[in-house]
Amino acid sequence: MTGISFGVSVILSVKAIPNSKKAKIKKVDENNYIVKVDAQPEKGKANLRLIEILSGYFKIPKSSIRIIKGHKT
């Protein structure tokens with residue numbers, strides 16, 4: 001699981017699945033999401049793409065999203 005922080009007000013649990021054919025977000029419940037990421041998990045590419053996907057989904061700036069744990073796994 002990856003912890004995602006939106007500013008100081010919301011922390012979500014996100015299971016990121018890299019190397020997916022298409023980017024897709026599935027809401028499991030209020031604070032848990034599964035995100036298929038269309039990027040490889042190398043050199044931070046999947047993490048950057050995850051932030052882009054979440055930014056578009058929640059309509060907030062990428063700079064407002066922070067990965068707080070799960071950078072490498």
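**Salt bridges and a positive patch**

Q: Which residue forms a salt bridge with Glu-42, with the closest N and O atoms 3.3 Å apart?
A: The model is predicted: local features need pLDDT of at least 70 and side-chain atom pairs 80 or more, while totals for chains, interfaces and linings use all residues. Residues are numbered from 1 along each chain as its sequence is written, and side-chain values use heavy atoms, without hydrogens or water. A salt bridge needs a side-chain nitrogen of Lys or Arg within 4 Å of a carboxyl oxygen of Asp or Glu. Glu-42 has such a contact, and its partner is Lys-45.

Q: What is the relative accessible area of Lys-45?
A: Partly exposed lies between buried (under 20% relative accessible area) and exposed (over 50%), with a 1.4 Å probe and protein chains only. Glu-42 falls there at 35%. Lys-45 is also partly exposed. Its value is 42%.

Q: How many salt bridges does the structure hold?
A: Glu-42 with Lys-45 is one of them. Asp-38 with Arg-49 is another. The structure's total is 4.

Q: How many residues apart in sequence are the parts that Asp-38 and Arg-49 tie together?
A: The closest N and O atoms of this salt bridge are 2.7 Å apart. Helices (H or I, at least four residues) and strands (E, at least two) are DSSP runs. Asp-38 lies in the loop between strand 4 and helix 1 (45-58), whereas Arg-49 lies in helix 1. The pair therefore ties together parts whose separation in residues is 11.

Q: Which residue joins Asp-38 and Arg-49 in one salt-bridge network?
A: Arg-49 has a further partner in helix 1, 3 residues apart, about one turn of the helix. The closest N and O atoms of that salt bridge are 3.3 Å apart. Asp-38 is partly exposed at 33%, Arg-49 at 25%, and the further partner at 36%. Shared partners build the network, and the residue that joins Asp-38 and Arg-49 is Glu-52.

Q: Which residue of the positive surface patch is found in strand 4?
A: Patch residues have over 30% relative accessible area and no salt bridge, with like charges joined within 9 Å. The positive patch includes Lys-22, Lys-24 and Lys-26. Its member in strand 4 (residues 32-36) counts as partly exposed at 39% relative accessibility. That residue is Lys-36.

Terms used
Patches are made of residues with over 30% relative accessible area and no salt bridge: like charges are joined within 9 Å, nonpolar side chains (Val, Leu, Ile, Met, Phe, Trp, Tyr) within 5 Å. Accessible areas come from the Shrake-Rupley method with a 1.4 Å probe; for residues, only the protein chains shown count as cover. Lys and Arg count as positive and Asp and Glu as negative; His and the chain ends are not counted. The place of a charge is taken as NZ of Lys, CZ of Arg, CG of Asp or CD of Glu.
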